[in-house]
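Student: I should like to learn how the terms used for a protein model are justified. May we go through them one at a time?

Tutor: Certainly; let us look at the model together.

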Amino acid sequence: MLRPAPLSRRSHITPTGLGLVLLALLPLAFLVVFFALPVGGMLLRGLRPEGTWDLSAVPEVLGRARTLRVVIFTVSMAGAGTVLSLLLGVPLAHVLYRLAFPGRGLVRAVVVMPFVLPTVVVGVMFRSLLAPSGLLGWLGLDGHWVVILAAFVFFNLAVVVRTVGGMWEGLDRRAEESAAALGARPWQVWRTVTLPALAPALISAGTLVFLFCSTAFGVVLTLGGLRYGTVETEIYLLTTQFLDLQGAAVLSLLQLGAVVMMLAVAARTRTRREQALQRGGARSAPRPVRRSDLPVLLVAGAVVALVLLPVSSLVVRSLQAGGGWSLRHYTALADPDASQALRVSVTTAMENSLRTAVDATVIAMVLGVSVAVLVSRRPRRAGARRLVALLDGAFMLPLGISAVTVGFGFLITLDRPPLDLRTSPVLVPIAQAMVALPLVVRTLAPVLRSVDPRLRQAAAALGANPLRAAWTVEAPVLVRPLLAATGFAFAVSLGEFGATAFLARPDRPTVPVVIYELISRPGADNLGMALAAATLLSLVTVTVMGLVERLRVHAVGAF
Amino acid sequence: MDRSIRAHTALSATVLLALAACSTGGGSGEESEQEPATGDGAATSEPAGGTAEAGGEVVLVTHDSFTLPDELIEGFSQQTGYELTVQTVGDAGALVNQLVLTQDSPIGDVAFGVDNTFASRAANEGVFAPYSPELPEGAEQHALAGEGAEVLTPVDFGDVCVNIDDTWFAEEGIDPPATLQDLTDPTYDGLFVTPGASTSSPGLAFLLATIGEFGEDGWQDYWRELMANGTKVTSGWTDAYTVDFTAGGGDGDRPIVLSYASSPPFTIPEDGGEPTTSALLETCFRQVEYAGVLEGAANPEGGQALVDYLLTDEVQAAIPNAMYVFPVAEDVELPEVWSRWAKVAEDPITVDPDEVEANREEWVREWADIATG
């Protein structure tokens, strides 16, 4: 299908270009049908209610003192959450991906656990620790915004550690070693060699964390005790409680504008930092721990403790029943009649979760790899470059837009044949894949961009067709990030609640949905089972991700 | 290099095969082989079970607290020949708003779970088609007034009431509160926790209870006093009950919580005996849940059959254990723990549904300023 790329750079659409356009079609179709259409539908309902434009709400909503307050709170909390996650995540990524020590795999797994815990469970665990009667009650922080920030870090640490770590572990150590040999102090080596090399990954991770934080919803309400409102909580309130679609549309537009602006700044910063990186197979291997690593180890240890405290209190409580230690809540997970709140056993729900996650992961990876390849190309013409940048941003948008808007939008736009998908079970994995897609892209794109394009050109000059050139040059560096992204997509799908609860059929619930049902009913056993189910979900996720990462050993050996 | 590509391709192929074996598609096939009569797959093109010749599928749209035992869901298709598919769409408020938004092409035939705080919105917007079946004994008192009665049928009700930890009050030697007014008494300073009206359905019910009790102009002062008396507001029922309440499974420090009249039976100790908590029956707001056939339903006859079915003795009798609320049919026997320990308010506080609809947004905003400002 594809021929060797001609060397002329004047031709308008080269076969490579055509291939890339074809590659873009599927992801774009997905984005249009499952994101642009629903969101557009909701915006139109709000701003064009009776078939005529009614923009009277725009100045009114924007002029409210509350709107300003909410916007400032959202942006500053998301910004602080991003900076803090990066500050704490980078030392941890260094320890987990650059140093060799026993138990490293286990710590990597622990760091990922929070990522899939349902918000409602995390809310209960955080509040149990911080309520006046809790272990950390003496801090007096229950309901304080600092706790919301801590939860942001708790959830998003995995994003930073994995995105940055994935880049870091492939870096050739020689550049750093040369700098050190030339007399640079460790700090100088870090600032002049390591940091620039990591910058694209850092910005990628920061972008993701910012989007996650700015659309966080359950955490803000639960941990803030309703005292704090974000743009996201306002949209939820206006849409689901007041049916004020005008107000919701204005806030959604505001959200959209802010996200687009943030993405533009991130893209600009990232592009300036991108560079071709030397990658060394054996020379990138982690080194043993040295005495000089102590400070970074201390920071990493403290961060792991922050993660462990709520996680271990969750595990401990799931193992308690009737005033003593017991596995009762775990044995109940396999029993369909264990709780009146459930129609199926938790293990059946786990099966549903895993099946859905497989589908979602496949969708997210197929789309994600296409998008990552696309956005990592740097066409010579400015127009084409802008188009690529635009695409890159477009696929990040779903993370920055309210799930309520998208969910309600599904109902009012995907309601007629051939797209009457509202009650179709395929929507669940698709919705989960849309959430996982940005993570996949952001894990792969920085790595692909760091591949020297001259290598591809050299392969082409030696007679390889574009596909073959890409495969030979890019596949080897991509194996690790690809596996990491797969694991991540799987985890996103397993933990996804917002869209799933909205779309899943009650006879086939996933584990987060079941946990929510259990924890919303009275009874110590329901609570115990919910906590046990959350622990199980976390362990299954960590195990699957561990297995996926193990695949790399054989895969890397092949190259 | 060629060898490595082949090795990699082989690996990918293996992984792909493994994936194909365990996707959603694979699951749906297996499941329908195992339990052909659950109604699973009715939304897809799979052939319906053997009893379906009477009329195909009925889709029930409901909120996420809806559950019924599988036997009853199968029972519906056995009795009527329709296959029942259940579609859940968020909480009670989200349910009504989705019904309003999708009324041009409804997502189902019947909606269940519209409660009396949202009923007016649904009825006024013309979401429902007229259908008023004969009600079982005792259900009439829960019916809506006016036009609402022609489209919505009461199915169950629950009282949202202040609950107290009797053990705590006995140990501390303090007389427990009994009324809403008592909660502002300094004796109970810092002891009450409630979910918020803006984010929680029982929270909204409690706000309405205070509006019904103290009047449209009096509730604001009551709430100011309540907040001044150290009341804690949480986002949802879950964390009020399981984190802050002293008897909700966690080790909270507040012995007074907003919950349901049906909550106390869940605090019966494992070795039996009495519940350690009780509901204050003078503080209750009654939530009634309704079902109705949707305007523009694809299968209106099937929808009517489902509304009838929800009122049968067998469904009514299963409601308490499945959904933690009371059936509207009086002569249905309650589960034993319920008839002993779950009391119903004799004279619950009420607010006219039309009033609620007209003022909800303003009230909730005003409430938010006072309670979460």
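Student: Which residues of H8(B) are buried, and what makes a residue buried?

Tutor: A residue is buried if 20 or more other C-beta atoms lie within 10 Å of its own, exposed if 12 or fewer, and partly exposed in between, with C-beta atoms placed from the backbone. In H8(B), the residues that meet this cut-off are Ser201(B), Pro202(B), Gly203(B), Leu204(B), Ala205(B), Phe206(B), Leu207(B), Leu208(B), Ala209(B), Thr210(B) and Ile211(B). H8(B) is thus mostly covered, with 11 of its 14 residues buried. Please note that this is a predicted model: local features need pLDDT of at least 70, side-chain atom pairs count only at pLDDT 80 or more, and totals for chains, interfaces and linings use all residues. Residues are numbered from 1 along each chain as its sequence is written, while chains are lettered from A and ligands numbered from 1 in the order in which they are written.

Student: How do you know that the span of helix H8 of chain B agrees with the expected one?

Tutor: Helices (H or I, at least four residues) and strands (E, at least two) are DSSP runs, numbered from the N terminus. The expected span of a helix is 1.5 Å times one less than its number of residues. For the 14 residues of H8(B), residues 201-214, that gives 20 Å, and the end C-alpha atoms are 20 Å apart, so the two values agree. After H8(B) comes Gly215(B), with a positive phi near 90°.

Student: Why is Pro255(B) called buried?

Tutor: Pro255(B) has 26 C-beta neighbours inside 10 Å, and therefore counts as buried. Pro255(B) lies in the loop between H10 and strand S7 (256-260) of chain B.

Student: Which residues is Pro255(B) in contact with, leaving aside its neighbours within four places in sequence?

Tutor: Two residues are in contact if their C-beta atoms, placed from the backbone, lie within 7 Å. On that basis, the partners of Pro255(B) beyond four places in sequence are Ile164(B), Asp165(B), Trp168(B), Phe169(B), Leu191(B) and Thr246(B).

Student: How many residues of chain B count as buried, and how many helices and strands does chain B have?

Tutor: Of its 373 residues, 51% count as buried. Chain B has 14 helices and 10 strands.

Student: What makes the two parts of chain B domains, and how many residues does each give to the contact?

Tutor: Domain bounds come from an automatic or database domain assignment. For chain B this gives domain 1 (50-157 + 288-341) and domain 2 (159-286 + 343-372). Their C-alpha centres lie 28 Å apart. Domain 1 brings 19 residues to the contact and domain 2 brings 16.

Student: How do you know that the largest nonpolar core lies between these domains?

Tutor: A nonpolar core is a set of buried Ala, Val, Leu, Ile, Met, Phe, Trp, Tyr and Cys residues joined through C-beta atoms within 7 Å. The largest one has 272 residues, and Ala533(A) is among those with the most contacts inside it. Both domain 1 and domain 2 of chain B give residues to this core, so it lies between them. Ala533(A) touches Leu333(A), Val346(A), Val511(A), Val514(A), Ile515(A) and Leu518(A), not counting residues up to four places away in sequence.

Student: How many residues of chain B are in contact with chain A?

Tutor: There are 60, and they meet 57 residues of chain A. H10(B) gives the most to that side of chain B, with 7 residues.
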